[in-house]
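Student: I've got the sequence and the model open. Can we go through it together, starting with one residue and working out to the fold?

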Amino acid sequence: MEAKLKVITIGDYNISILKNYFKDNENIEFLKLALDESIDNLNTNFSKRDIVFLQTNTENLEKLLEVGKALKEKEIITLTVLEEKIVMENKEVLEETVNAIFPATKKDDIDNLLLELIKMIDNIIFERCYINLDIEDVRSMLRDSGISVFGSLNINKTISKEDIIKNINYPFYPKNLKDSKKLLIFLDTLEGFVLTEGELITDTLRNESGKTIEDILFSVRMGNNLKNRIECSFIAGVFKEK
């Protein structure tokens with residue numbers, strides 16, 4: 001069965017902005033689940049190759065956990081974005097029921113972070129890239145990642161380790177790479193990019209983790225119309241407990 005990214009909103013959660021952004025993207029399916037509805041009743045066929053984003057309002061968190069558990073038992077990879085304080089108050093049960101949980105420090109940033117995650121994963125899996133990753137690569141990196149972090153960096157000039165470190169940005173949740181064990185990287189570049197630059201970015205990010213990274217994968221797309229010479233987004237997960 002063909003892999004899909006599926007975004008399930010639970011209750012009255014509204015993501016019309018995302019729907020408009022991806023309205024012509026056939027690889028992304030938007031679904032709505034009522035609070036009294038079973039996940040098995042949704043008008044879709046779930047596949048183990050799917051990656052599912054779960055979103056709801058805070059007061060419906062229990063329903064999200066129920067859906068996450070049901071999908072995880074089917075070996076379907078799930079992600080959610082929630083306000084930081086909600087994540088920290090429910091960390092243990094979230095990690096038991098959802099594969100990757102992304103905290104947003106500001107509630108107003110939740111949909112923006114969700115948009116960036118969907119864009120990154122969609123680009124890696126479905127776009128034609130110079131270095132490709134397939135759905136199984138991405139699934140393996142997201143599986144049981146727990147509390148996870150999205151980061152980015154842009155480079156406009158000759159690349160150096162110092163430039164990379166200076167430009168690393170965590171726009172939605174200010175936790176850095178330190179003590180993470182998994183790292184998924186997407187590099188979007190102009191023509192003229194060379195693999196040694198990709199290796200330098202990868203090695204620098206690995207070092208920023210404190211060299212705790214055990215699994216690292218990266219995808220490269222070249223030749224797009226970009227504002228910057230190199231635009232990098234990354235997801236880090238499986239943080240070592242203190």
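Student: Which helix does isoleucine 135 lie in?

Tutor: This is a predicted model, where local features need pLDDT of at least 70, side-chain atom pairs count only at pLDDT 80 or more, and totals for chains, interfaces and linings use all residues. Residues are numbered from 1 along each chain as its sequence is written, and side-chain values use heavy atoms, leaving out hydrogens and water. Helices (H or I, at least four residues) and strands (E, at least two) are DSSP runs, numbered from the N terminus. On that count, isoleucine 135 sits in residues 135–142, which is helix 6.

Student: Is isoleucine 135 buried or exposed?

Tutor: Buried means under 20% relative accessible area, exposed over 50%, partly exposed in between (1.4 Å probe, protein chains only). Isoleucine 135 has 4% relative accessibility, so the verdict is buried.

Student: What does isoleucine 135 touch?

Tutor: Contact means heavy atoms within 4.5 Å. Leaving aside residues up to four places away in sequence, the list for isoleucine 135 is Ala3, Arg49, Ile51 and Ile125.

Student: Which strands stand at the edges of the sheet, and why is one side of each left without a neighbour?

Tutor: Two strands pair if DSSP finds at least two bridges between them. The sheet is open, with six strands in the order 2-1-3-4-5-6 and parallel pairing. Each edge strand has a single partner strand, so one side lacks a neighbour in the sheet; the two are strand 2 (28–33) and strand 6 (146–147).

Student: How many bridges join strand 1 to strand 3?

Tutor: Strand 1 (residues 5–10) and strand 3 (residues 51–56) run parallel. One bridge pairs valine 7 with phenylalanine 53. The number of bridges joining these strands is six.
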